[in-house]
Amino acid sequence: MSKIIAVLPGDGIGPEIIAEAVKLLNTLNQSHGLDIQLEEGLIGGAAIDVTGKPLPDATLELVKKSDAVLLGAVGGTKWEPLPIAIRPEKGLLGLRSELGLFANLRPAILFPELANASTLKPEVVVGLDILIVRELTGGIYFGKPRGVRKLDNGERQGFNTLVYDTHEIERIARVGFESAMKRQRRLCSVDKANVLEATELWREIVIEISNDYPEVELTHMYVDNAAMQLVRFPKQFDVMVTNNMFGDILSDLASQLTGSIGMLPSASLDSNGKGMYEPIHGSAPDIAGRNIANPLATILSVAMLLRYSLKLPELADKVEHAVSKVLQDGLRTADIRQDGKTVVSTREMGDAIVAALN
Ligand code: IPM
Ligand code: MG
């Protein structure tokens, strides 16, 4: 029976980059033995415009019956005046939470061809291969109480809660250790245990879980230091595991080491390997509709989908090789432009990937 992939283009550049990923999936479907069915759904601002909700019931039904989800991006200036509770971003957070996608894998890998595209010196980033494991359904993003309240003195007060239960820390720590076991067996847990109790518990639990993984070398780092170390000497890291908000921030930082945020894919997994796949960049409203966005992060997210949810590692390799090949051939979207290389549009990049598959 063919597998169902829910495709949620979303907002801004989302539809453009997803179109290239769909082109790729259709090609794999026709000529590379993939057997999938794509079903499109509404999410984010696009969903608000049609249904009034960032995560419509029909989309929730679709993703629940699907084997995997491919998402573009959500958000844009148009919906910024809306209250936080019904903004496009809530659609994405709702999906993560409803599907129990607690483990977010964000690989920051430098393609050697892009060594000069990074703002850091080539010797700092050549050979870079970091995996950030971000907790995705807990922490301050979801903690209650939250809101803005009126104080007795008439002032307003904004508040959010950073909260982690032991089982939430345990399961993401395990993903960190398991990931490290498949790589260089080094895990750095990032916290702020010197200030925040919730992350002091985080550290304690990670140490407990480390007893089950004696072959993994575990280190701990405060998040401020981790940010500094990521630009000072990023190659010291193999796998980093951290909470929802720190992971959000550090993965944007790490993306820049690879040349462009337009290069970073991600997988968000539940405990059974069901997953949602999306580029880590946002909807980039400033360049939306201009056919200049980089579709490679989305295409690399398709590779992760093939690897993690469809268990088709050979096809995943094929897609990743196609990305390497196209970069070797000198094609670049505007965000990774380099002297002497050819700047191509979103669609041209997608076409080149499809051509490079064979
Ligand atoms: C990300 C994004 C999201 C997040 C936004 C769009 C809600 O920045 O996936 O990193 O903060 O998690
Ligand atoms: Mg982010």
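**Figure 1. Ser118, in the loop between β4 (103–109) and α5 (122–125).** This close-up, like the others here, comes from a predicted model. Ser118 is buried: its relative accessible area is 8%, and the cut-off for that word is under 20%. Follow the side chain of Ser118 and you will find one of its polar atoms 3.0 Å from the backbone nitrogen of Leu120. The same side chain also reaches the backbone oxygen of Leu257, at 3.5 Å. Leaving aside residues up to four places away in sequence, Ser118 touches Val125, Gln256, Leu257 and Gly259.

**Figure 2. The two domains and their contact.** Here the chain is divided into domain 1, made of residues 1–114 + 267–358, and domain 2, made of residues 119–258. Between the C-alpha centres of domain 1 and domain 2 there are 24 Å. Domain 1 brings 18 residues to the contact, and domain 2 brings 26 residues.

**Figure 3. The largest nonpolar core, with 85 residues.** Which residues touch the most other members of this core? They are Leu70 and Leu306. Helix α10 (residues 296–308) is the element that gives the most to the core, contributing eight residues. Domain 1 (1–114 + 267–358) and domain 2 (119–258) each supply residues, so the core lies between them. As general background, nonpolar side chains in soluble globular proteins tend to be buried together.

**Figure 4. Leu70 and the residues it touches.** Take a moment to look around Leu70: not counting residues up to four places away in sequence, it touches Ile5, Ala6, Val7, Leu8, Ile18, Ala21, Leu25, Tyr277, Val302 and Leu305. A second core, separate from the one in the previous figure, has 15 residues. Among them are Leu55, Val69, Leu71 and Leu99.

**Figure 5. Ligand 1 and the residues around it.** Which residues should you look for around ligand 1? They are Glu89, Leu92, Arg96, Arg106, Arg134, Tyr141 and Asp248. A polar atom in the side chain of Tyr141 lies 2.6 Å from a ligand oxygen. For Arg106, an N or O atom of the side chain is 2.8 Å from an oxygen atom of ligand 1. The side chain of Asp248 likewise has an N or O atom 2.8 Å from an oxygen atom of the ligand. On its own, ligand 1 has 320 Å² of accessible area, and the protein covers 79% of this.

How values were computed
Residues numbered from 1 in each chain as written. Chains lettered and ligands numbered in written order. Predicted model: local features only at pLDDT ≥ 70, side-chain atom pairs only at ≥ 80, totals over all residues. Heavy atoms only, no water. Core = buried A, V, L, I, M, F, W, Y, C linked by side-chain atoms within 4.5 Å. Buried < 20%, exposed > 50% of the residue type's maximum accessible area, 1.4 Å probe, protein only. Helix = DSSP H or I, 4+ residues; strand = E, 2+ residues; numbered from the N terminus. Domains from an automatic or database assignment. Contact = heavy atoms within 4.5 Å. Near = heavy atom within 4 Å. Polar contact = N/O pair within 3.5 Å; in protein donor to acceptor, adjacent residues only side chain to side chain. Areas by Shrake-Rupley, 256 points an atom, 1.4 Å probe, with all protein chains shown as cover.
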